[in-house]
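User: I've got a structure open and want to get a feel for how the chain is put together. Can you take my questions one at a time?

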Amino acid sequence: MSDAYPQLDVIAVGAHPDDVEIACGGTLAKLVKLGYKVGIIDLTNGEPTPRCPDPEIRLAEAKKAAEVLGVQIRVTLDMPNRRLFDSFEHRVQLGKEFRKYRPKLVLGFGEKTPLASPDHWQAMQITDAGIFYSRLTKWDAHFDHLPVHTISAQLYYTLAFRALELPEVGSKFVMDISDTLEQKLESIRCYETQFPPEKQHIFERVKAFNMSHGMTAGYQAGEIFVSPGTIGTHDLMKFVIRGEIKLPAEGPESPDEKDLGEADKSS
Ligand SMILES: [Zn+2]
């Protein structure tokens, strides 16, 4: 049944089209370059917004942005923008998408975004729950009898807006996006209705944020992630000298999985 859907390595979940581009677009473009299959799930279509005349235009912008990043799949769910709440139905709806596309890693919101949309915080709860629901057995009727799927790893991203501090949980690390920063900015520029001329400062901010985070790890630009668990390593020299990381992974598929460190070696 699930053959109808291509298996993805990574899915990034956002509340609105453009969240994922701003938070981790450079990482998604980089993962695609490394040969991984990457998808984006937007929980809502993000509309209405002040300057977008029609939801179809926002959808077209999202499609173009996905093409710029090179991701294989973009799904826009029909949860309501501005009225997004964590609920059983929304958890199941996202859990079904995970069962269809069977990602190994899910990236999602890791914090509240004060003074911005409260949908983001709700999206974090829905994503946490959707990951859990994806692997629950004896509940098939809720999931259209899609086979269960265990997601091996989860990471939290942060939106480049107002937060100075990141959540004090797990391990923070930086993904090198030196060679995909411009691609990321181009994908955000696809959202002409969201970033008109008077909001062009967003690009400087995102760039400064990513350059600042990148510098802390010795890269030109980087995106910061938080792992809910502490990140460990089997090889201290590889980890420290080459700056590679092994994501904490568990579940039946993990022994055979490539990790981000392995992928770096072949590039
Ligand atoms: Zn948003």
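**Helices, sheet and one loop residue**

Analyst: Sure, and keep in mind that this is a predicted model. A place to start is helix α4 (residues 119–134), which lies across β1 (10–14), β4 (105–109) and β5 (153–157). Its direction relative to β4 is about 155 degrees.

User: How many helices and strands does the chain have?

Analyst: Taking the helices, there are 8 in the chain. Add the strands to the picture and the full answer is 8 helices and 7 strands.

User: Which strands sit at the edges of the sheet?

Analyst: The sheet is open, with mixed pairing, and its 7 strands come in the order β3-β2-β1-β4-β5-β7-β6. An edge strand pairs on one side only, and that leaves β3 (73–76) and β6.

User: Which residue in β3 stands opposite I41?

Analyst: Strand β2 (residues 38–42) runs parallel to β3, and 4 bridges join the two. Across from I41, the residue in β3 is V75.

User: Are α5 and α6 roughly parallel or roughly antiparallel?

Analyst: Two packed helices are described by the angle between their axes and the distance between the axes. Here α5 (residues 181–189) and α6 (residues 201–216) pack at about 150 degrees, with axes 11 Å apart. Angles over 145 degrees count as roughly antiparallel, so α5 is, relative to α6, roughly antiparallel.

User: What is the make-up of that α5 and α6 contact by class?

Analyst: From α5 come L181, L185 and I188, and they meet F203, V206, K207 and N210 in α6. Sorted by class, the contact of α5 with α6 comes to 5 nonpolar, 1 polar and 1 charged residues.

User: Is I177 buried or exposed?

Analyst: I177 lies in the loop between β6 (171–176) and α5. Around I177 there are 26 other C-beta atoms within 10 Å. A residue needs 20 or more to count as buried, so I177 is buried.

User: How far apart in space are I177 and N210?

Analyst: N210 is among the residues that I177 touches, along with others including G26, K184 and E223. In sequence, I177 and N210 are 33 residues apart. In space, C-alpha to C-alpha, the distance between I177 and N210 is 8.3 Å.

User: What share of the residues in the chain is buried?

Analyst: I177 is one of the buried residues. The chain has 267 residues, and the buried share of them is 43%.

Conventions. Residues are numbered from 1 along each chain as its sequence is written. This is a predicted model: local features need pLDDT of at least 70, side-chain atom pairs count only at pLDDT 80 or more; totals for chains, interfaces and linings use all residues. Axes are lines fitted to C-alpha atoms, for helices over the stretch in contact, and angles run from 0 to 180 degrees between N-to-C directions. Angles under 35 degrees count as roughly parallel, over 145 as roughly antiparallel, 65 to 115 as roughly perpendicular and the rest as oblique. Two residues are in contact if their C-beta atoms, placed from the backbone, lie within 7 Å. Ala, Val, Leu, Ile, Met, Phe, Trp, Tyr, Cys and Pro count as nonpolar, Asp, Glu, Lys and Arg as charged, and the others, Gly among them, as polar. A residue is buried if 20 or more other C-beta atoms lie within 10 Å of its own, exposed if 12 or fewer, and partly exposed in between; C-beta atoms are placed from the backbone. Two strands pair if DSSP finds at least two bridges between them. Lists of a residue's contacts leave out its neighbours within four places in sequence.
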